[in-house]
Amino acid sequence: MNNLLQNLNERQQEAVCHTEGPLLIFAGAGSGKTRVIVHRIAYLIKEKKIPPYKILAVTFTNKAALEMKNRVIDFIGPAGYSVFVKTFHAMAVFILRRHGEAIGISNNFTIYDQNDQQTLLKQILIDLRLDPKKIKPASLANKISELKDQRLYLETKNLDLLLADYSFNFAPIFKEYQKRLKEQEALDFNDLLLKTVELLKAKEEILKDLQNRWKYLMIDEYQDTNYAQYLIAKYLSKESQNICVVGDDDQSIYSWRGADIRNILDFEQDYQQVKVITLNENYRSTEPILQAASAIIKNNKDRKEKNLLSCQGDGEKIKWCQTNNEYGEAEFVISSILSKKNREGLKNKDFAIFYRTNAQSRLFEDFLRRENIPYRVVGGLKFYARKEIKDILAYLRFISNQNDKISMLRVINNPPRGIGRVSVEKIRALAQKEGVSEWKIINDGYLIGKISKGIELFKNIINVALDLNEEVPEKIKLSKLALKVFEISGYKKNLEEEKTLESHSRLDNIYALINSIEDYELTNPEANLEQFLQDISLFTSEEDPNENFDLKDKDDVVTLMTLHNSKGLEFPIVFLTGLEENTFPHKFSLDTEEELEEERRLCYVGITRAKEEVFLTNSEVKRTFGGEVEYQSPSRFLFEVPKDLIELKSFRSSDFRFNESGQSFQQREFKPKVVSRSNNSKFSLKDRVIHPKYGVGQIFKIEGTDDNVKISISFGRARKTFLEKYTHLEKIY
DNA sequence: ACGGGCGTCTTTTTT
DNA sequence: AGACGCCCGT
């Protein structure tokens, strides 16, 4: 009991102990909200003797869910494993997989991510004889998602009326999209939530069942819930009324995804006898950081006034550095990291670099690699987004669900087996005519005349895999299946024969995938193929299983991420970069006051991640597309920080400068820090070398002979393979 | 069928 | 500048 409430302030204790009835916690940045949730779960289990499986905690990101679960387990031991901690989407998958059939959803539905969505839309456009160049699948996908996120979409009795607001092509496309999702037994991300609402609404017994299962409901980041999520929470807690929501209106940054800030502001009206607790003591950041953040957020009109109290006392001023260009910015950030590491004994993991858009990460990565500082990009280039990984997963998805046309089209001629556009078109046409799936056309003898070898081959491959999947529920079944598919599909042979620089890393990546499936099987011994695929399709920000393979301490890395991804995290030193008008605030958010205020909240979120020190950077000039340069004024947010909290710095890029015309950047020759060098020396394993483009790296593989020697080098997280004869490498001693 | 070369367009944030 | 898609030559 004592230890359950230890290290908590009075209000935090109150929040932990108030277990019955609706509870609303306004938790300012750094006010120990995760700690409160963790303690509250522990309190329910230990003190109130609630079985752990009756507790449901919902967060927004996989990362947050994982973190919370681990903290619960650390705090109360193995009982924590049974607490149901998931993202909204993962919870929806859980519910739909068990009960979806009640509303006509196959229990091994496929989840289509943004990519699959766009592929599907492209097909629809072609079939409807619309030009995918004019109507872009990507923007269509966005529109569809936007539509489905709306409250109106769930409530409307007349979809046509709603669709009429869009351009005249949208309605038929949207309807066709929905139709094909159904045919292919697929759900997109929005559907996961929408179908769950539909289920809970329509099937009372199932709702009762779930209400019984989860007696205590906790929702983190409640300010970011959209209407569907709001309804799910409402349904699930309706009986028990034991719902605890935690949030901060100042940290609402997902309105573009349908998040409705009113959900938290109206909570007191939505539930009866709500207990409200405000946590306003900040344990994370120093005084100057908090003052700067508060000063910025005060410019928002649409917010509840509040003041956060600092508990950490005085600290370093905010550093603002204006650099000449983007290279200078990256160089400033990386050299600051280096000097702080040297002088203050900080570790890599103490630093985080934030930016507004994903594309901004590249230069920072270049400079980090060059200095041989290990780093991790959160959410950026995703392992699961790689071609070879998607290919293998597409095989598995098709094996799991033969109606999944997107996956079939992806693999039917991959690796090439002589099934060209014409054959595929023939199959598609026949499927449409006969009203059956493409797989049925191939497998059940619909094709008359002589059947091409390739189709016969594909049919055999899939049938072998299908049999294999039916077989023995061995422990290693999934990874074995993946490996088999990799082999019998010819994918492996194809890559092995290719013997190019690229095919090597592809092979490595696929083996890394198989490894990670093995890991998955260890933690989920009961999981079958369907479950695995559904789990994995939600794991978008999964870190690269391939990364950091040569690091002693794989967690000691500098973290790079978008501001959106930074929510809920904290770091001693934070770099907030690209603070220029049109970048941050982003140019698409300058139209309305609402959008601008959301950008400002994003800025607030970023700054409040820092415990000790904040660096704000902007560059005077930006390179846009076409190599043109453009002057950018400093972000308005910079001027919202009181002057006395700021220490000004300036930094000019030393490696890059303008050429005479001032039109583009010119790279100065890169001078590696070579202690001594030897040009004719042979390289050996474990040698550290400098690559003219990638900088310092370490050799981990050498193969081939004579003028066909291939050298594989790791540069921090990235691995690359080069042909020796074409690559100028310098050895470092 | 397939890869290289060339022309196009690019830029928001994510489960 | 770089990614991507399309067309053409093989």
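Select E580 and K622 in this predicted model. Their side chains form a salt bridge, with the closest N and O atoms 2.4 Å apart. E580 sits in the loop between β15 (571-576) and α29 (593-607), while K622 belongs to strand β17 (residues 621-623), so the bridge ties together parts that are 42 residues apart in sequence. Is E580 buried or exposed? E580 is buried, with a relative accessible area of 0%. K622 also counts as buried, at 9% relative accessibility; the cut-off for that label is under 20%.

Next, select E316, K319, K340, R343, E344 and E613. Salt bridges with shared partners join these residues into one network. Across the whole model, the count of salt bridges comes to 45.

**Around D250**

Now go to D250 and display R303 and K306 with it. The side chains of R303 and D250 meet in a salt bridge, 2.8 Å from N to O. R303 is in the loop between α16 (287-297) and β10 (309-310), and D250 is in the loop between β7 (243-247) and α14 (262-265); this pair links distant parts of the chain, 53 residues apart. D250 has a second salt bridge to show, with K306, at 3.1 Å from N to O. K306 lies in the loop between α16 and β10, 56 residues from D250.

How accessible is D250? At 1% relative accessibility, D250 counts as buried. R303 has 17% and counts as buried because the limit is under 20%. K306, at 27%, counts as partly exposed.

**The sheet**

Select strands β11 to β16 together with β19. They make up an open sheet of 7 strands, in the order β13-β14-β12-β15-β16-β11-β19, with parallel pairing. Which strands stand at the edges? They are β13 (375-377) and β19 (646-651); each has a single partner strand, so one side of each lacks a neighbour in the sheet. From one strand to the next, the twist averages 20°.

Within the sheet, pick β15 and strand β16 (residues 610-619). The two run parallel and are joined by 5 bridges. Label V574 here: V614 in β16 stands opposite V574.

Add helix α18 (residues 361-370) to the view. Helix α18 packs on the sheet and touches β12 (351-355), β13 and β14 (558-562). The direction of α18 makes about 170° with that of β14. Then add α29, which packs on the sheet as well, touching β12, β15 and β16. For α29, the angle with the direction of β15 is about 145°.

**The nonpolar cores**

Finish with the nonpolar side chains. The largest nonpolar core has 69 residues, of which M91, L192, W214, I219 and L236 touch the most other members. Center on I219 and show what surrounds it. Which residues does I219 touch, leaving aside those up to four places away in sequence? They are V58, F88, T225, A233, I243, C244, V245 and V246.

Apart from this core lies another, of 43 residues. To find that second core, select W439, I462, A465 and Y520, which are among its members.

Technical notes:
Residues numbered from 1 in each chain as written. Chains lettered and ligands numbered in written order. Predicted model: local features only at pLDDT ≥ 70, side-chain atom pairs only at ≥ 80, totals over all residues. Heavy atoms only, no water. Core = buried A, V, L, I, M, F, W, Y, C linked by side-chain atoms within 4.5 Å. Buried < 20%, exposed > 50% of the residue type's maximum accessible area, 1.4 Å probe, protein only. Contact = heavy atoms within 4.5 Å. Salt bridge = Lys/Arg side-chain N within 4 Å of Asp/Glu carboxyl O. Helix = DSSP H or I, 4+ residues; strand = E, 2+ residues; numbered from the N terminus. Pairing = 2+ DSSP bridges. Axes fitted to C-alpha atoms, helices over the stretch in contact; angles between N-to-C directions.
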